[in-house]
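Please look through the structure shown here, and then read the short report that follows, which moves from single helices to the contact between chains and on to particular residues.

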2 protein chains.
Amino acid sequence: MKIALSQLNFIVGDLNGNCIKIIDAINQAKQQQCHLIVFSELSICGYAPQDLLDYNNFIEQCEQKVLEVAKTCIGIHAIVGAPTRNPNPTTEGKNLYNSALVLNEGKIVDTYNKGLLPNYDVFDEYRYFESAKKFNCVTINNTKIALTVCEDIWDVEEDLMYTVSPLDELTKEKPQLIINISASPFNYNHLQNRANMLARNNAKYKLPILYVNQVGCNTELIFDGGTMAFNNAGKKVLQANYYEEDFSVLEFKNNDIIGSLTAEKPIEKVENIYKALVYAVQDYFAKTGFTKAVIGLSGGVDSALTACIAVDALGKENVLGILMPSEFSSDHSVKDAEDLAKNLGCDYHILPIKENYESLRKTLAPLYKDLPFNVAEENLQARIRGILVMGVSNKFGHILLNTTNKSEAAVGYGTLYGDMCGGIAVLADVYKTEIYEVCNYVNKDKIRIPVNTLTKAPSAELRPNQKDSDSLPEYDLLDAILFQYIENIKTATEIIKMGYDEKTVTRVVRLINLNEYKRKQMAPVLRVSPKAFGYGRRMPIVGKY
Amino acid sequence: MKIALSQLNFIVGDLNGNCIKIIDAINQAKQQQCHLIVFSELSICGYAPQDLLDYNNFIEQCEQKVLEVAKTCIGIHAIVGAPTRNPNPTTEGKNLYNSALVLNEGKIVDTYNKGLLPNYDVFDEYRYFESAKKFNCVTINNTKIALTVCEDIWDVEEDLMYTVSPLDELTKEKPQLIINISASPFNYNHLQNRANMLARNNAKYKLPILYVNQVGCNTELIFDGGTMAFNNAGKKVLQANYYEEDFSVLEFKNNDIIGSLTAEKPIEKVENIYKALVYAVQDYFAKTGFTKAVIGLSGGVDSALTACIAVDALGKENVLGILMPSEFSSDHSVKDAEDLAKNLGCDYHILPIKENYESLRKTLAPLYKDLPFNVAEENLQARIRGILVMGVSNKFGHILLNTTNKSEAAVGYGTLYGDMCGGIAVLADVYKTEIYEVCNYVNKDKIRIPVNTLTKAPSAELRPNQKDSDSLPEYDLLDAILFQYIENIKTATEIIKMGYDEKTVTRVVRLINLNEYKRKQMAPVLRVSPKAFGYGRRMPIVGKY
C-alpha cells in the first residue's frame, strides 16, 4: 500500500481554502497511485479553531466540507481531521469529538475519536470536546490501523494525566500500523520530545508509526511540521521538512514501512529558535495580509535581532527602521542602529523625540509642577516612541514588531503602551542571555548585528547614564531565577533552597507576579519555549502570591 | 443542628489572609454554638487560583493551611474548599481534585471531590483537576449530607455536558440535606439562573439545600455572593447579601431547614449591572492596594458613567477627571465634562492637546509629507490622550479606568494604546444601548450625568463634525447584531436569515473578527454578561472566518 503524508499550512477557520489545499493533495496522491493520504489534526478547520467550535453553524460548515472532500476520494482513502458531533451529548458529555475521519468514495467510512484531550499550557481541548472512551482500529485496504490523534500517543511520557491509554486498547486488536495525526506546536525541546515519544511507542508496541504534523503559525503558536515515519525496527525512515509544507510518499509492505534515511544532523537550539521565529513572522504577515514591518531601532540587541528576523522573513525592502533618540540617548545608540540598518540593507528614518517630550511635559506641567524626574518621565519617552512607530504603522500599513525580550517581559522592565506596543512580540519568549546566543548565531558567517551592540552594557537610556543592571540583577542570574520560576514551576521558597540569594529571588518573583497586568496587555508572544507568556501561562492579575 | 454559612471575600493566592478570615468565622460560629460552618469553593486559596495550582509548593502550602484551620475546629465541623492531591494520578488522571473538606478536631474527617468540572467560557477547571467518578455522602452530627461543589448541582440545566450526575448518585444514599459550596461569578442573568437551578434540584430531590457562594472580585470576574437556603418545600428561607461579606446562621431540625424570608423585590438588570460594576471597581482597588482613579472625560456617556461608578466605588475625593480637548472637540464637550465633574464633586484638569498634536505631526512630517489626514491622525490624538492620562497615573499612582463600551470594543472603534488604555475596562461588557439605560438608572433620583451628554449624538471628535454613525450602523441595530454573534453564538449566515440586512451583518461580523487583535491588548474587561470579551471568549487572532 502506498501512503502519502501531507503536511499542510492551514488557516484557522478558512474552510474553503483549507479544503482546496486538501483536495489538491488528494489529487497529487492519486497521480502517484497512492492508496491512502493522511492529513494532520483538525485539518478541515485548522488547529486551533478555539471558540469558533462553539458556533453550531461552523460545525455544520465543517461537516459539509468533509463531504466535499470525501467526494474527491474516488479510488483513494483519505484521513482528515475534523470536529464531529457527539451523537449522545445528553448522557455522554460535551457536544463534539475531535475526530480522525476515514474518507472513501464520497463517504465517511470510519471515524476515530480522540481519547486524550490536552488541557494544559496552550491547550484547551476539553473546552470543546468530549474524550472518547472506546477505541477501535480502522481497516484500510486490508490493513488494520491503530489510528490516533496527537495526544493519544503521548501517554508513554512520565507525567501521566489520563485514565486510559488509547494505544493499549487499540493494540489489543493486533493492528499492523500506527498512524497519528497531530497539531503539535514547536518549542525548542519539542523536536527531541517527539522523536523520543515515537521511539518509546515503537519500542512498546513493536509497530511502525506514521506521524503527520501541521505546519504554519497561528498567532502565538508555531507549528513546525517535521512529519515522520518509523519502521518496525524503530528506525526513522522518513523526516519531512520543518517550517514548510511537504508531501511524502511511503510504501507499506509486509507489515512494515519501507524506506531509509541518511543520518541527520541535529539542529542546535539557537538555530531552531531563529528559524522558528523567522517562519512565524513570515507566516503572520502572510496570513494577516500585510507585507511590511516597522521596528523601533534603539541600537540595542533586542531590536537588532528583531530586525534581522524581519529581514530574513520579509525581505530587506519590507523592513523599515525608526530611530528615535532622546536627550538621554548615547552617541553610539544612533550609530549602532544605523550600522545595523546598513548591514541589513533596510531603510530607516531618524525621528528625534526631544521636542515631543518637551511639548508633553509642558502640557503636564500644571499637574507635575516641580516634582522630581521619575519613572513617569521615563515612560513618557517610551510612549512617545510608541506613538511615532504606531503613527508609521497606521499611515503606511506596516505592522509594528515588538522587540521585548522574555527577561524584561517577566519583570516588567518595559513601558506599557510604549515599547510594549506591537502586532506581535517576536522575542518575548527568549531570555536576554539567549538573545545574545541567537545574535551570535546570526553573526556566525558575517557581522550583521554590529559588534558594539553585542558588547555594550544593556540600557533603556531613559535617564542619564542608565544601565539595566541599576534596576535588575545581572542577566545571567536573573534568567536563571526566571527559568526556575517560569519553566520549572518552582516557588521562591524552593528557588532560595537551591542556593540563590533570598533577597534577589524574593524581589524577582515579586516583580514577575506584580507585572502580570502588563503582560495581559502586551502583544501576542511567539512561543518557542515550553512555557511562554500569554495563552499558555494563566496567572491571576488581582491576587497576593 | 445549627449551621453557619460564611460568605467571604478571599484574595487569590493569599493563603495566610484567607485562613485568618476563615478562622475568625469559625470562632464566630463557635460563639453562636454552631455545629457546622460552611465556606465557599476553594476558600483556602480563593477562586480562581489559575496556574498557581501548577506549583507543587503552592499545593503543599494549601495542605498546611487546611491543617491549621482544622486545628481550630474544636467542638465544631467546618467545610472548606481546597485543592487536594489525587492519590493515584498515574492511573486516574490529573494530579489534583477540587475538594470540599470536612474538618473537625484538628483533622480532615471527610473529603468530597468535585465531579463536574466546568471548562467553558471563563472556566478552566479541567486544566488542573481530575473529575471524581465516585460520590459518597458525608455524615456530620448524625446528619447525612449530600455535599457538592458548585457545578455538581448544575446538571439539571438543559445543555448537559457531563456523563454523570453527582446528585443522582449521592441521593441513592438517602441524604437529609444538600450542601453546595460555590464560586459562581455574576452575570446579569445569573441571579435568576441560580435560583431556578436550586428550585429544580429541590423539586427533583425533595431535599433542603444550602448554597454558599464566594463574594469579591478577581480581575475580570465579579463574585456577587448571594448565599441562599431552600427548605424541603422549596421555599427560600435565607438570602444573604450581595456584593459584601455575610455570615448567616440556620437551624436544621426534623430533616428540614427552619427559617422564613419576607418576599424580596427582584433586582432590575440595570441596577444589578451598576451595583456589580461599583463593587468590582471598589474591590479591584482594595485588592491591588490603590485608592485613586484617573479618568479621561470626553463629555460623552461612557466616560461619564465610568466616573459615576468610580465616585460611588472610591469616593469623589479619589477620582480625578482629565479633559483633553483637541481642535476637533466641540464646545459642549468641555462643558458637559465640566458639568459632570461638578455634579459628582470630583477634581478635574483641562489639558489641551493641540500643541502635542502639532509637535508629533511635525516629527512625523518627514515621513507623512503631504499625505491626507486619515485614521493615523485620529489615532495620534487618541494616543496623546493615552499618554497624558498614563502620565498622571504614573506620576501620582492613580489607576487609569478605561471607558470603552462593549459595542466599540466589538467593532474596534477605538485606538489601541489610546482610548483602549487602562488598568481595568469598566464598561467593556456593556453595550452602548445598555450604557444609556444604566445612565438613566444613575440619574433616576438626581441628574448626575448631564442631560446634554445623554441627548447629543455620540462622537469620537477626532475629525471635524465626526459622528459615530458616520462609520457604524445606528447603535440599536449594531447592538442587536453584536448580541446575536457574541452572546447567542450565531454566525453571519444565521443572523442574515433572521432578517437583518446582509451587507450590514457581513460588515459588522467582519469588524468583530478583524479586531480580535485589539481586544487581545486591551485592559481586562469586567464581566457582567454571560459572554464577555476577554478570558471567557477565545477567538483566533490569525485566521480567516
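## Helix 17 of chain A and its surroundings

In this predicted model, the buried residues of helix 17 of chain A are covered by a set of elements that includes helix 11 (406–411), helix 15 (475–486), helix 16 (492–497) and helix 18 (516–520) of chain A. The residues that are buried in helix 17 are Thr504(A), Val505(A), Val508(A), Val509(A), Leu511(A), Ile512(A) and Asn513(A). When reading such a list, it helps to recall that an α-helix has 3.6 residues a turn, so residues three or four places apart point the same way.

The length of helix 17 can be checked with simple arithmetic, because 13 residues (502–514) at 1.5 Å a residue should span 18 Å, and the C-alpha atoms at the two ends are indeed 18 Å apart, which agrees.

## Helix 2 of chain A

The check can also be made for helix 2 of chain A, where 16 residues at 1.5 Å a residue should span 22 Å, and the end C-alpha atoms lie 23 Å apart, which agrees. Its buried residues are Asn57(A), Phe58(A), Ile59(A), Cys62(A), Lys65(A), Val66(A), Val69(A) and Ala70(A).

What covers these buried residues comes from both chains: it includes helix 1, strand 3 (77–85), strand 4 (96–104) and strand 5 (107–113) of chain A, together with helix 16 (492–497) of chain B.

## The contact between the chains

Chain A contributes 104 residues to the contact, and chain B contributes 103 residues. About 8,400 Å² of area is buried between chain A and chain B, and carbon and sulfur atoms give 59% of that area. Within chain A, the residues that lose the most area to chain B are Tyr55(A), Lys395(A) and Val542(A), which together make up 10% of what that side buries.

One residue that touches the other chain is Thr491(A), whose place is in the loop between helix 15 and helix 16 of chain A. Leaving aside its neighbours within four places in sequence, Thr491(A) is in contact with Tyr485(A) and, from chain B, with Tyr55(B), Asn57(B) and Phe58(B). Thr491(A) has a relative accessible area of 11%, and it therefore counts as buried, since the cut-off for that word is under 20%.

## Cavities

The structure holds 8 cavities of 30 Å³ or more, and the second largest cavity encloses about 50 Å³ of space. Which residues line the second largest cavity? They are Ile486(A), Ile489(A), Lys531(A), Arg537(A) and Met539(A) from chain A, and Asp51(B), Asp54(B) and Tyr55(B) from chain B. Sorted by kind, this lining divides into 4 nonpolar residues, 4 charged residues and no polar ones.

## Two buried residues

Val278(A) lies in helix 6 (residues 269–288) of chain A, and with a relative accessible area of 12% it is buried. Apart from neighbours within four places in sequence, Val278(A) is in contact with Ile309(A), Asp312(A) and Ala313(A). The C-alpha atom of Val278(A) is separated by 47 Å from that of Thr91(A), a residue 187 places away along the chain.

Ser40(B), in the loop between strand 2 and helix 2 of chain B, counts as buried because its relative accessibility is 0%. Its contacts, again without neighbours within four places in sequence, are Ser6(B), Phe10(B), Gly81(B), Ile181(B), Ser182(B), Val212(B), Asn213(B) and Gln214(B).

## Backbone details

The peptide bond from Tyr47(A) to Ala48(A) is cis, with omega near 0°, and Ala48(A) sits in the loop between strand 2 (36–38) and helix 2 (56–71) of chain A. In chain B, a cis peptide bond joins Tyr47(B) and Ala48(B), with omega about 0°, and Ala48(B) lies in the loop between strand 2 (36–38) and helix 2 (56–71) of that chain.

A positive phi in a residue other than glycine is found at Gln33(A), where the value is near 55°, and at Asn255(B), where it is near 60°. Gln33(A) lies in the loop between helix 1 (15–31) and strand 2 of chain A and is exposed, with a relative accessible area of 56%. Asn255(B), in the loop between strand 14 (246–253) and strand 15 (256–258) of chain B, is partly exposed, with a relative accessible area of 38%.

Note on methods. Residues numbered from 1 in each chain as written. Chains lettered and ligands numbered in written order. Predicted model: local features only at pLDDT ≥ 70, side-chain atom pairs only at ≥ 80, totals over all residues. Heavy atoms only, no water. Helix = DSSP H or I, 4+ residues; strand = E, 2+ residues; numbered from the N terminus. Expected span 1.5 Å × (residues − 1). Buried < 20%, exposed > 50% of the residue type's maximum accessible area, 1.4 Å probe, protein only. Contact = heavy atoms within 4.5 Å. 1 Å grid on protein atoms, 1.4 Å probe; cavity = no way out; pocket = protein on both sides within 12 Å on 5 of 7 lines; lining within 4 Å. Points joined across faces, edges and corners; volume = space filled by probe spheres on them. Nonpolar A, V, L, I, M, F, W, Y, C, P; charged D, E, K, R; others polar. Buried area = accessible area lost by both parts, 1.4 Å probe.
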